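Please work through the following exercises with the sequence and the model side by side, and try each task before reading its solution.

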Amino acid sequence: MVNVRMKAFRRAGAVAASASVVLAGTTFASASAQPSPSGIRHVLLISVDGMHQSDLMWYVAHYPDSELARLATGGAEYTDAQTPDPSDSDPAGTGLMTGGDPKVTGIYYDDEYSHGVFPPGTTKCSGPVPGGDVIYDSPDDKLAAVPDLLHNGSGNTFPSFDEGGSIYPGGIDKDPALIMKLSPHPQSGLNPATYPVSPKTCKPIQPWDFVGVNTMFQVIHNAGLRTAWSDKHAIYASFNGPGSNGMSIDDLFAPEIDSQAVEPNGVPYPDDGAWTDDNAATKQYDSYKVQAVINWINGYDHVGTGPKVGTPAIYGMNFQVVSTAEKLKSSPAVLIGPNAKGKYTLGPKLPGGYMTVDGQQVPGPLLQSALGYVNNALTRMVDTIRADGEADSTAIILTAKHGQSPLNDSQLQRINDGPIITRVNAAWAARHPGNKTLVVQEADDDGLLWWLSDRSQAATDFVKNYLWTHTAPAVNYAGQTITVQHSGLREIFAGHQAASFFGVPYSDPHHPDVFAIAQVGTIYTTGSKIAEHGGDNPGDRDVPLIVYAPGIVQPGQSNHWVETTQVAPTILKLLGLNPRDLQAVRLEHTRVLPAV
């Protein structure tokens, strides 16, 4: 196999004195009593999920007067920034909030497995711990299977937009704008019966308690400062952090993105899909979160009404529109209307992903539109910050939880991993009749993470050898079936190798037993998407990172390698708090970003 070593877990020693502020001998409360030495009272954190550093460079070059260009040229821009590995929304989102990689957070994917828990639904926790699914995702919603609102006999189901029916009884959404009234603690819409069960308490593990280290929201909240965040699932209440009882984020606005997309007039989108299945729908979805951010800037809660509570010290959101513009082969970019009868129509379909210009991959029409949407939303936010007189006291950090791969359509090879798993299990069972299911959980997007019922080195080596020595059929961009070598993979880590890759002991219960880096272009799917994330290729992990704080952070570019986990301690420093109050900073020596 090709020996590819990524810059997954480089750490550069202790925090340098020139790059940190150590509040020796202070407590959280005394730290909050002191104004930030920098004068920064607020940090706006933006994650443009799917965005690459190359996308930022292209946009700035073509739109030099844009808000993205102003942030990039007026702030510290880190041109060699990478996400944690794997590059999925989680663990990368948890990395942003904690300063830690999976080896300390214990988060390897949003759909994962742990050998250290009892399965969901367990009520008697006696005997050896068998292991179980750890799925903190939309299946955890109380209303996880609302019948298709088109009533077309499709049999399709979707989770409810409000997760639990607090706004839409039975999940029936006839007015999506009402989502702005969602509870600031949307975990009330989740179903704990779907959570893994703790061997110590025999109770479901709340998503925030599964995280292995504290989060920046806990540090900031414990300092007496207000916190807010908007994301795509209520299950991201996990960002509250362990021991928080889910309350360290004062205002979490998290409409369910996997719910059925509904036009502003209450009519479902004609493609009969979720908010991610149509780029115009994704823009509508993101717009609710943009409005929440505007409301926070103006000093309200995310609803935007009632008494003012003050602009949070930390607040922000993730955008999904760039991610779907990269994944969809084609899609409308705009929703037009309403007309005199209150009806909407979709604009023409535009090609998704990238196109080749002068031998370089550059954003295609749909992605250009998505980047323009993000730029316009950022302009609204910054204009509101200025209008409220907070420009000199607000820092803006822009990055991405993940990128997306491939950028070149000619590399695309979509593989159905179901038959591969079936054949691996059958081959193992032929040798071990007492164990018919070796692969008990998988997280395969454009990488491969498998958890096994038998964690022995012999079993993991068996899987490694099988994957490497077998071909797989794949579907390319043109829809043709091709044959790919090594099951679509280019390097496989099994057992002790997998543990070593992530920097954890072999006995660690959370890490995947087999971890593999895919060939560039491999996506494990039966669908039509043309890009995906979660892997360990450059397109997955090379993301933008800007820190904009005029008068505090000197503008300029740095080509030194940094990781997005450095965002959390950087935010604490900007707010005048101690980065070392983050447990991951102490465990991994995560540094504040250079020049801050």
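**Exercise 1. The cavities**

How much space lies in the second largest cavity? Find also the residues that line this cavity, and then treat the largest cavity in the same way.

Solution. The model is a predicted one, and a search of the whole structure finds two cavities of 30 Å³ or more. The space in the second largest cavity comes to about 70 Å³. Its lining is formed by V146, P147, L149, F158, P159, S160, F161, G171, D173, S259 and Q260, and by class these are six nonpolar, four polar and one charged. Turning to the largest cavity, the volume is about 80 Å³. The residues that line the largest cavity are D90, I107, Y109, D110, E112, Y136, P207, V211, I235, Y236 and S238, which divide into seven nonpolar, one polar and three charged.

**Exercise 2. The largest pocket**

State the volume of the largest pocket, and then determine which element gives the most to its lining.

Solution. The first step is the volume, which for the largest pocket is about 920 Å³. The second step is the lining, made up of 32 residues, with T276, K327, D445, K529 and E532 lying nearest the centre of the pocket. The third step is to assign lining residues to elements: at least two come from α9 (321-327), and at least two from β19 (439-444). With four residues, β19 gives the most. The last step is the division by class, in which 14 lining residues are charged, 13 are polar and five are nonpolar.

**Exercise 3. The second largest pocket**

Which residues lie nearest the centre of the second largest pocket, and how is its lining divided by class?

Solution. The second largest pocket has a volume of about 360 Å³. Of the 20 residues that line this pocket, H52, S54, Q361, L407 and G539 are those nearest its centre. Two or more residues of the lining are given by each of α2 (53-62), β16 (360-363) and α14 (538-541), and the largest share, five residues, comes from α2. By class, the lining of the second largest pocket has nine nonpolar, nine polar and two charged residues.

**Exercise 4. Two loop residues**

Decide for T311 and for D258 whether the residue counts as buried or partly exposed, and describe the surroundings of each side chain.

Solution. T311 is placed in the loop between α8 (279-297) and β10 (314-319). Its relative accessibility is 18%, under the 20% limit, and therefore T311 counts as buried. Beyond neighbours within four places in sequence, T311 is in contact with H42, W296, I297 and G299. In two of these cases the side chain of T311 approaches a backbone oxygen: that of I297 lies 2.8 Å from a polar atom of the side chain, and that of W296 is reached at 3.3 Å.

D258 is placed in the loop between β9 (251-253) and α8. Because its relative accessibility is 26%, D258 counts as partly exposed. Residues up to four places away in sequence not being counted, D258 touches D137, S138, F158, P159, H233 and A274. With the side chain of S138, the side chain of D258 makes a polar contact of 2.7 Å. F158 and P159, which D258 touches, also belong to the lining of the second largest cavity.

**Exercise 5. Helix α4 and what follows**

How many residues of helix α4 (residues 89-98) are buried, and what is the phi of G99?

Solution. Helix α4 is mostly covered, with ten of its ten residues buried. These buried residues are S89, D90, P91, A92, G93, T94, G95, L96, M97 and T98, and D90 is also one of the residues that line the largest cavity. Just after α4 comes G99, whose phi is positive, at about 85°.

**Exercise 6. Confidence in the model**

Where does pLDDT stay under 50, and why should such a stretch be read with caution?

Solution. Over the chain the mean pLDDT is 93, and 94% of the residues reach 70 or more. Over residues 1-35, however, pLDDT stays under 50, and for this stretch the model has 74 contacts beyond four places in sequence. Where pLDDT is low, predicted coordinates should not be read in detail.

How values were computed:
Residues are numbered from 1 along each chain as its sequence is written. Side-chain values use heavy atoms; hydrogens and water are left out. On a 1 Å grid over the protein atoms alone, a cavity is a set of points where a 1.4 Å probe fits but cannot get out, and a pocket is an open set with protein on both sides within 12 Å along at least five of seven lines; lining residues have an atom within 4 Å of a point. Grid points are joined across faces, edges and corners, and a volume is the space filled by probe spheres set on the points. Ala, Val, Leu, Ile, Met, Phe, Trp, Tyr, Cys and Pro count as nonpolar, Asp, Glu, Lys and Arg as charged, and the others, Gly among them, as polar. Buried means under 20% relative accessible area, exposed over 50%, partly exposed in between (1.4 Å probe, protein chains only). A polar contact is a pair of N or O atoms within 3.5 Å; within protein, one must be able to donate a hydrogen and the other to accept it, and residues adjacent in sequence count only if both atoms are side-chain atoms. Contact means heavy atoms within 4.5 Å. pLDDT is the predictor's confidence in each residue, from 0 to 100.
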